[in-house]
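Visitor: I have some questions about the terms used for this structure. Please set each one against its definition.

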Amino acid sequence: MLNDLLAQNLYSEICHIPLIDPHSHIDPHRPTARTLDDIVGYHYYTELAHSAGMDKASLLPDVGPRDRVRAVLYQMTQFDNTAQYMWFLEIARAFLNFQGDRLTLADCNWLYDTAQKLMARPDWEDWVLQRSNIEKVFLTNDFDDPLEGFNRERYVPCLRTDDLVFHLDRPDVRARLAKATGVEVGSAETLQNALRRLFEHFVSHGAKACAVSLPPDFVPQPVPPEQLSALLAPRSDRPAAELAQRAAGVFWLLAEYCRTFDLPFDLMIGVNRRVYRDGVPQGQDLFDQRTSLIQYAELFNAFPEVTFCVSVLSSGQNQELVSYSWIFPNVMTSGHWWYSNIPAYIAQDCRARLQAVPKTKQIGYYSDMYKLEFGLPKFNMYRRILAQILADDFVRTRVYTETQALGLARLLLRDNVRRIFNV
Amino acid sequence: MLNDLLAQNLYSEICHIPLIDPHSHIDPHRPTARTLDDIVGYHYYTELAHSAGMDKASLLPDVGPRDRVRAVLYQMTQFDNTAQYMWFLEIARAFLNFQGDRLTLADCNWLYDTAQKLMARPDWEDWVLQRSNIEKVFLTNDFDDPLEGFNRERYVPCLRTDDLVFHLDRPDVRARLAKATGVEVGSAETLQNALRRLFEHFVSHGAKACAVSLPPDFVPQPVPPEQLSALLAPRSDRPAAELAQRAAGVFWLLAEYCRTFDLPFDLMIGVNRRVYRDGVPQGQDLFDQRTSLIQYAELFNAFPEVTFCVSVLSSGQNQELVSYSWIFPNVMTSGHWWYSNIPAYIAQDCRARLQAVPKTKQIGYYSDMYKLEFGLPKFNMYRRILAQILADDFVRTRVYTETQALGLARLLLRDNVRRIFNV
Amino acid sequence: MLNDLLAQNLYSEICHIPLIDPHSHIDPHRPTARTLDDIVGYHYYTELAHSAGMDKASLLPDVGPRDRVRAVLYQMTQFDNTAQYMWFLEIARAFLNFQGDRLTLADCNWLYDTAQKLMARPDWEDWVLQRSNIEKVFLTNDFDDPLEGFNRERYVPCLRTDDLVFHLDRPDVRARLAKATGVEVGSAETLQNALRRLFEHFVSHGAKACAVSLPPDFVPQPVPPEQLSALLAPRSDRPAAELAQRAAGVFWLLAEYCRTFDLPFDLMIGVNRRVYRDGVPQGQDLFDQRTSLIQYAELFNAFPEVTFCVSVLSSGQNQELVSYSWIFPNVMTSGHWWYSNIPAYIAQDCRARLQAVPKTKQIGYYSDMYKLEFGLPKFNMYRRILAQILADDFVRTRVYTETQALGLARLLLRDNVRRIFNV
């Protein structure tokens with residue numbers, strides 16, 4: 001809740017802007033939760049519960065969903081201070097008829113049963129989207145996703161390329177690639193053929209973006225075809241430097257196809273995978289603040305025709321992002337990602353962007369959600385922060401009228417996404 | 001002073017929580033100041049006075065204490081804008097009957113005499129603790145401290161290990177270690193024996209933590225016994241890489257004994273020693289922002305049973321700390337250290353922790369003080385900031401009631417310390 | 001506009017303090033704009049316009065000034081959210097009789113004509129300075145500037161040394177140096193002679209500072225004369241490591257002459273040149289957050305007699321600057337530079353400095369301007385932020401009275417500059 005009448009009014013108006021969510025992990029064949037387990041099974045809860053003391057055994061497949069929910073809720077009182085808890089509370093209130101101020105273990109059964117009943121309603125998906133005022137949701141599709149059997153107007157395909165950039169040494173990845181494209185990759189040329197087919201498939205099925213997440217030490221660079229071919233030859237004991245070079249070269253090819261197929265490229269920069277090796281699933285990744293967008297300077301220079309929508313993991317690097325987006329025409333600021341997706345950092349990062357980056361180059365927020373129910377609380381968190389910044393920095397200082405401030409909000413939450421991704 | 005009624009009320013209530021101060025440099029045999037020189041002789045004042053122009057000669061032993069106080073106070077008008085000056089003013093008001101708004105050189109004599117008189121009172125120590133509402137204070141004990149002759153209920157021993165990790169090449173350190181343990185260290189095995197005896201001595205004398213401060217480039221790692229033995233052999237011209245490896249290996253052994261003896265390990269990460277070589281004593285150390293908790297990932301993975309209470313030096317690294325503590329069950333956020341211990345950084349860092357780290361995993365604040373008189377102004381600084389955050393982010397947004405907000409404050413200032421350190 | 005009566009009052013009073021602007025790029029022979037093109041031709045506008053979509057062709061010499069203004073203003077609606085736009089709006093209101101709330105393309109002709117008429121007035125320069133309450137402005141002079149033909153009381157010379165440190169391999173730079181000093185540089189000794197003559201020339205013409213901007217990876221260090229001589233020998237294919245060493249050595253000599261001639265040394269730390277190679281002029285430089293003041297520790301230790309006025313590019317490094325200035329007597333905090341010169345970062349960085357650095361060691365702000373018209377909006381931006389901080393952190397908390405707060409503002413904006421640079 002906002003404790004400021006002007007900000008509250010702006011927030012109410014902002015909530016009327018139909019959202020286009022430019023990045024999520026929604027499964028379009030199963031976009032909503034079916035039980036409360038699908039909600040509290042979100043890694044933001046399991047990892048916090050585990051961090052606060054929950055045994056990972058509660059997450060094993062043989063544990064029943066109700067017991068798993070109970071195990072997470074049991075720990076939740078230990079993290080009821082967090083932004084993530086607020087999302088859960090807001091979901092319970094907005095979608096599950098919860099009326100209280102606090103959620104505790106005592107609410108577990110009632111909430112579980114209510115959720116099961118409501119989520120089974122045939123209009124649940126529509127209701128969740130309507131209640132959240134979300135019009136379209138971008139997906140994160142594996143490169144071999146057939147992209148069939150769902151409403152591609154509502155769920156916009158997006159080619160996720162992490163496997164291609166970082167895991168081409170894995171036989172299963174090569175096999176999937178061969179199956180998806182009909183091309184056995186063994187050289188730069190065959191890789192190009194395979195990638196071209198992937199892009200053709202995705203673009204013809206309505207894909208509007210290519211995306212990848214990258215570790216802090218990643219440096220994109222072109223790799224000559226002969227060299228790339230050598231790096232693509234199967235070899236189990238390839239040294240790390242060669243793997244890094246191959247990743248750089250594959251990435252560079254992807255940028256070339258983004259240019260050819262006129263697709264924006266979402267770069268999610270800074271995550272190290274499996275840092276906490278014994279963590280819960282998806283709760284193992286962390287970052288190293290020692291990374292810089294200077295690593296991407298050659299890329300931004302080489303591909304002026306490609307729009308790069310850049311997400312960063314730390315507030316320190318956000319200042320770089322603000323500056324690079326202020327200078328490079330093809331660099332957009334994109335959302336508030338993962339460890340930066342809490343109000344203290346969103347507020348500071350968002351204010352800096354609004355003060356220094358052209359307003360048409362900013363993608364305000366994306367949900368990163370796995371289930372549609374999270375769109376509402378996550379976007380609400382952002383909308384409240386945005387409303388407060390608009391009130392303090394724009395309307396009260398007489399820089400913008402309220403109407404102009406709402407126009408800015410509309411750019412950040414809708415119009416920029418439409419224009420940049422051509423949806 | 002807080003300029004907000006709700007925050008002011010929360011602050012008043014927070015002041016009623018009896019503090020346990022989990023990190024200080026108190027000498028339990030001489031815990032309070034005896035003259036004003038013991039107050040303004042704190043390195044926070046001598047270094048600021050020197051930075052503002054005071055000649056280091058004023059700190060030489062042959063200068064009388066009253067003259068030294070005069071020399072520092074003379075410069076103080078040049079740093080009466082700082083948080084450190086506020087501490088001094090608050091000490092003067094709370095403990096020395098000072099009634100004014102500003103302290104200047106003109107107050108020197110009166111203040112010096114008043115301090116000398118008051119500090120000589122037999123109940124001074126009790127009065128200072130009572131007035132500050134501090135119940136227990138953790139110490140920082142040299143490894144060869146006999147830990148005798150003081151109230152170990154009030155002053156909790158803590159094994160400080162910097163000398164062991166970084167200075168085992170110094171003959172005096174080896175001699176002290178031999179004397180304290182009866183073991184001449186010359187190999188991994190003898191070092192283990194010596195360390196075991198230190199831990200036994202400390203634990204049997206009520207120690208509740210092991211602690212160390214670490215430079216920004218430190219990377220803990222296990223070192224095999226034979227290799228560690230080679231690194232422990234006396235040699236005056238050992239290359240830096242070998243010294244670093246030895247430090248990493250000794251540190252790793254300490255973590256093993258923390259596990260064996262069930263002691264939390266306080267890691268104070270990021271300080272480079274003797275950067276300003278001509279600085280005043282203890283006013284020579286600075287940092288390098290280019291450091292990452294990724295350097296500790298292997299440690300956190302290897303010792304899930306050891307609780308690591310982590311302090312960092314920069315607000316940039318605080319975002320890493322928030323994220324690592326959110327993910328790793330054995331990583332706690334600990335206080336606001338040194339160059340981050342000013343309101344602008346405390347506020348931002350504390351807000352981020354409260355929004356993303358389970359509330360049970362946060363040690364709100366410690367004093368780092370050398371004399372008990374500093375507990376009150378330092379904790380008050382933190383309590384005011386905390387009260388304002390609780391007012392703005394929790395109570396006004398209706399996330400918590402006032403009572404719940406005070407419960408959170410109690411965790412941060414008392415209950416978490418009790419549980420984590422088992423006091 | 002400030003939305004706080006106390007801050008507004010403080011701001012009004014602060015505006016009465018006559019400014020000394022300690023860093024600009026003013027051409028004293030042509031200090032003001034002559035057309036609106038001189039205003040919107042500032043790289044802050046051309047780069048934002050280009051970033052938002054403007055073709056660089058609009059900046060070619062054959063485009064008429066009115067058309068160029070039109071091209072930039074056409075894009076300006078896309079960055080009317082930025083601090084830079086606010087400067088422009090404030091210039092239009094304060095100097096060009098603009099009465100509206102928004103500037104759009106529709107205002108172009110009227111504004112252009114009005115500007116041309118007003119800027120042609122013979123008292124324009126005096127009027128701009130008087131209206132801005134600026135008394136003196138430091139320049140940035142090439143090392144071969146004759147420093148003649150302008151009012152050196154109003155425009156204070158400053159020796160800019162980037163060319164000497166980084167471009168001594170360029171024949172044109174060597175030729176300019178030979179012409180300016182009568183010394184053909186080919187060795188450490190001849191370089192020293194040439195530098196001495198430059199310093200003599202500058203000091204005898206009223207120069208009050210030496211200045212240089214430095215890349216993030218720069219590490220100053222002394223280079224022995226024989227080695228420096230070898231590095232100065234003409235050679236076209238010198239490896240990067242040797243160039244870096246030569247730069248470090250030349251820089252070190254400059255610090256020695258700063259000591260000899262008692263000149264403060266302005267260090268502007270962190271900029272990488274030509275990162276966006278296809279950017280507009282002066283809109284190509286960016287930074288790498290991975291830099292540390294530890295790189296300057298040896299310098300600060302070696303030259304205790306030289307005052308270093310340090311500017312940094314990132315808010316992350318500002319915490320280092322706060323700490324280094326708190327410890328090193330010869331390190332001053334200086335202004336809010338370039339990518340840190342937006343309110344979100346100024347506010348955070350300024351608060352930290354005011355809380356931890358002696359008030360006599362802080363240079364509050366400089367304009368960095370190329371035309372005098374920018375002094376008013378840039379200093380106003382800073383004055384508003386400062387007024388708000390003084391209101392919130394000092395007056396409302398009863399740390400300072402309003403009078404004392406204004407005294408602090410006077411130090412930051414005038415008296416420290418006078419004392420440190422001896423003007």
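Visitor: What makes Asp237(B) count as exposed?

Guide: First, the ground rules. This is a predicted model; local features need pLDDT of at least 70, side-chain atom pairs count only at pLDDT 80 or more, and totals for chains, interfaces and linings use all residues. Residues are numbered from 1 along each chain as its sequence is written, chains are lettered from A and ligands numbered from 1 in the order in which they are written, and side-chain values use heavy atoms, with hydrogens and water left out. Now the term: buried means under 20% relative accessible area, exposed over 50%, and partly exposed in between (1.4 Å probe, protein chains only). Asp237(B) has a relative accessible area of 54%, so it is exposed.

Visitor: Why is Arg235(B) called partly exposed?

Guide: Its relative accessibility is 39%. That lies between the two limits, so Arg235(B) counts as partly exposed.

Visitor: How do you know that Arg235(B) and Asp237(B) form a salt bridge?

Guide: The rule asks for a side-chain nitrogen of Lys or Arg within 4 Å of a carboxyl oxygen of Asp or Glu. For Arg235(B) and Asp237(B), the N to O distance is 3.0 Å, so the pair qualifies. As background, side chains of opposite charge can pair when their charged atoms come close.

Visitor: What makes Glu148(B) and Arg152(B) a salt bridge?

Guide: Their N to O distance is 3.7 Å, so this pair also meets the rule. Glu148(B) is partly exposed at 43%. Arg152(B), at 29%, is partly exposed too.

Visitor: Why do Glu242(C) and Arg235(C) count as a salt bridge?

Guide: Their closest N and O atoms are 3.7 Å apart, so the limit is met. Relative accessibility is 23% for Glu242(C) and 40% for Arg235(C), so each is partly exposed. In chain A, salt bridges that share partners join Arg235(A), Asp237(A), Arg238(A) and Glu242(A) into one network.

Visitor: How many salt bridges are there over all chains?

Guide: The search finds 87. Between chain C and chain B the count is 2. Glu298(C) bridges to Arg277(B), with the closest N and O atoms 2.9 Å apart.

Visitor: Which helices of chain C supply at least two residues each to the side that touches chain B?

Guide: They are helix 13 (297-302), helix 14 (315-327), helix 15 (343-356) and helix 17 (402-421). Helices here are DSSP runs (H or I, at least four residues), numbered from the N terminus. Helix 14 of chain C gives the largest share, 10 residues.

Visitor: How many residues does the contact take from each chain?

Guide: It takes 42 residues from chain C and 42 residues from chain B. Contact means heavy atoms within 4.5 Å.

Visitor: What is the area buried between chain C and chain B?

Guide: It is about 3400 Å², and carbon and sulfur atoms give 54% of it. Buried area is the accessible area (1.4 Å probe) that two parts lose on being put together, summed over both. Gln319(C), Trp326(C) and Ile327(C) supply 23% of what chain C buries against chain B, more than any other three residues.

Visitor: Why is the pair of Tyr296(A) and Phe300(A) called stacked?

Guide: Rings of Phe, Tyr and Trp (its six-membered ring) pair if their centres lie within 6.5 Å; planes under 30 degrees apart count as stacked, over 60 as edge-to-face and the rest as tilted. Here the centres are 6.2 Å apart and the planes are at 25°, so the pair is stacked. Both Tyr296(A) and Phe300(A) are buried.
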